[in-house]
Amino acid sequence: MFESLQERLGSILNGLTGRGALSEADVSAALREVRRALIEADVALDVVRSFVDKVRAKAVGAEVLKSIKPGQMVVKIVHDELVDMLGAEGVAIDLNAPAPVVVMMVGLQGSGKTTTTAKIARRLTDRQGKKVLMASLDTRRPAAQEQLRQLGEQTGVATLPVIAGQSPLQIAARAVQAAKLGGHDVVIIDTAGRTHIDEPLMVEMAEIKSASSPHEILLVADSLTGQDAVNLARNFDERVGITGLVLTRMDGDGRGGAALSMRAATGKPIKLIGTGEKMDALEEFHPRRIADRILG
Ligand code: GDP
């Protein structure tokens with residue numbers, strides 16, 4: 001286990017009690033530890049850099065309150081800044097559009113896209129009484145369409161029947177049409193992923209977007225993504241235009257640095273987090289909790 005940032009900063013700064021304002025030198029020593037903690041939490045390096053600069057600007061010259069130790073004070077400044085950068089909590093999936101509202105799920109293969117599609121469908125059905133249709137556009141892996149069908153069966157959510165030989169674009173158009181005819185409130189489109197970002201993937205996503213006019217485009221990403229998180233989020237956002245993020249595997253051992261990296265790279269809200277393989281393992285995003293975890 002890593003020593004917590006609070007403990008590390010305590011040993012560096014607590015000798016300062018009673019000295020008044022934090023000096024540039026005190027803050028620099030503290031920020032070396034902050035930088036190390038963020039890197040251990042897998043926050044991308046350029047995000048670490050800009051974060052540390054922001055904290056420096058706030059901490060240098062800050063009066064050390066009598067009631068708390070200087071180390072705790074720096075931790076508080078760091079924590080507040082992290083919460084601020086991570087963004088608002090409880091940003092719901094926006095269904096404020098004429099039915100059927102199209103929600104498009106994008107992300108790399110293995111990120112948890114199909115599982116998250118079914119979890120969201122179940123949540124909208126159970127909690128908001130919505131009539132939801134799910135459709136898998138992953139024609140490269142026949143098992144993917146079958147996986148979504150099984151999850152639909154398990155959760156009691158309708159899936160678009162598979163017609164062999166259809167292209168992802170044709171399936172997208174058919175899903176929207178079927179949702180209109182079937183009186184569905186929401187249609188969730190589970191797009192195909194790849195193991196890494198490439199041009200054909202981005203072109204396909206852009207085409208599916210034009211064919212289905214999604215109201216929400218959610219990037220599903222593994223919270224254990226390391227330095228690649230910024231690149232991944234920025235690419236999907238620039239090429240497809242995402243409206244929010246869903247981070248999966250938050251039940252794992254990771255410290256959640258990818259949340260900060262992806263939020264910083266796109267400015268888009270983290271709407272939900274995945275916390276397990278089961279269909280109810282989907283939770284609202286709480287920036288304070290993630291900030292605590294990043295700081296260790
Ligand atoms: P896709 O290729 O992006 O569609 O990924 P899948 O939805 O098939 O998920 C890949 C694996 O990750 C499956 O075994 C899922 O059960 C698992 N998975 C998805 N989300 C989570 C999560 O939040 N926590 C954990 N522990 N496993 C997850």
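This briefing covers the ligand site, two backbone features and one annotated segment of the structure. The model is a predicted one. The ligand occupies the largest pocket, and 18 residues surround the ligand. The protein covers 81% of the 580 Å² of accessible area that the ligand has on its own.

**Ligand shell**

- Among the 18 residues around the ligand, the closest are Gly110, Lys113, Thr115, Arg249 and Asp251.
- By residue class, the shell consists of eleven polar residues, six charged residues and one nonpolar residue.
- Helix α5, which spans residues 113-128, supplies four residues of this shell, and that is the largest share.

**Polar contacts to the ligand**

- Gly110, one of the closest residues, places a backbone N or O atom 2.7 Å from an oxygen atom of the ligand.
- Gly112 also approaches through its backbone, with an N or O atom 2.9 Å from an oxygen atom of the ligand.
- Gln147 takes part through its side chain, a polar atom of which lies 3.0 Å from an oxygen atom of the ligand.
- With these contacts in place, the cover that the protein provides amounts to 81% of the ligand's own accessible area of 580 Å².

**Backbone features in loops**

- The peptide bond between Ala99 and Pro100 is cis, with omega at about -5°.
- Pro100 belongs to the loop that connects α4 (70-86) with β1 (101-106).
- Asp42 has a phi near 70°, which is a positive value in a residue other than glycine.
- The loop that holds Asp42 runs between α2 (24-40) and α3 (45-59).

**Annotated segment**

- An unreviewed UniProt entry carries the annotation "domain: SRP54-type proteins GTP-binding" for residues 269-282.
- In the model, residues 269-282 are 43% strand and 0% helix.
- The C-alpha atoms at the two ends of residues 269-282 are 16 Å apart.

Technical notes. Residues are numbered from 1 along each chain as its sequence is written. This is a predicted model: local features need pLDDT of at least 70, side-chain atom pairs count only at pLDDT 80 or more; totals for chains, interfaces and linings use all residues. Side-chain values use heavy atoms; hydrogens and water are left out. UniProt positions are given in the numbering used here, feature names are shortened, and annotations may be inferred rather than shown by experiment. A residue is near a molecule or strand if one of its heavy atoms lies within 4 Å of it. A polar contact is a pair of N or O atoms within 3.5 Å; within protein, one must be able to donate a hydrogen and the other to accept it, and residues adjacent in sequence count only if both atoms are side-chain atoms. Accessible areas come from the Shrake-Rupley method with a 1.4 Å probe; for residues, only the protein chains shown count as cover. On a 1 Å grid over the protein atoms alone, a cavity is a set of points where a 1.4 Å probe fits but cannot get out, and a pocket is an open set with protein on both sides within 12 Å along at least five of seven lines; lining residues have an atom within 4 Å of a point. A molecule sits in a cavity or pocket if more than half of its atoms lie within 2 Å of its grid points. Ala, Val, Leu, Ile, Met, Phe, Trp, Tyr, Cys and Pro count as nonpolar, Asp, Glu, Lys and Arg as charged, and the others, Gly among them, as polar.
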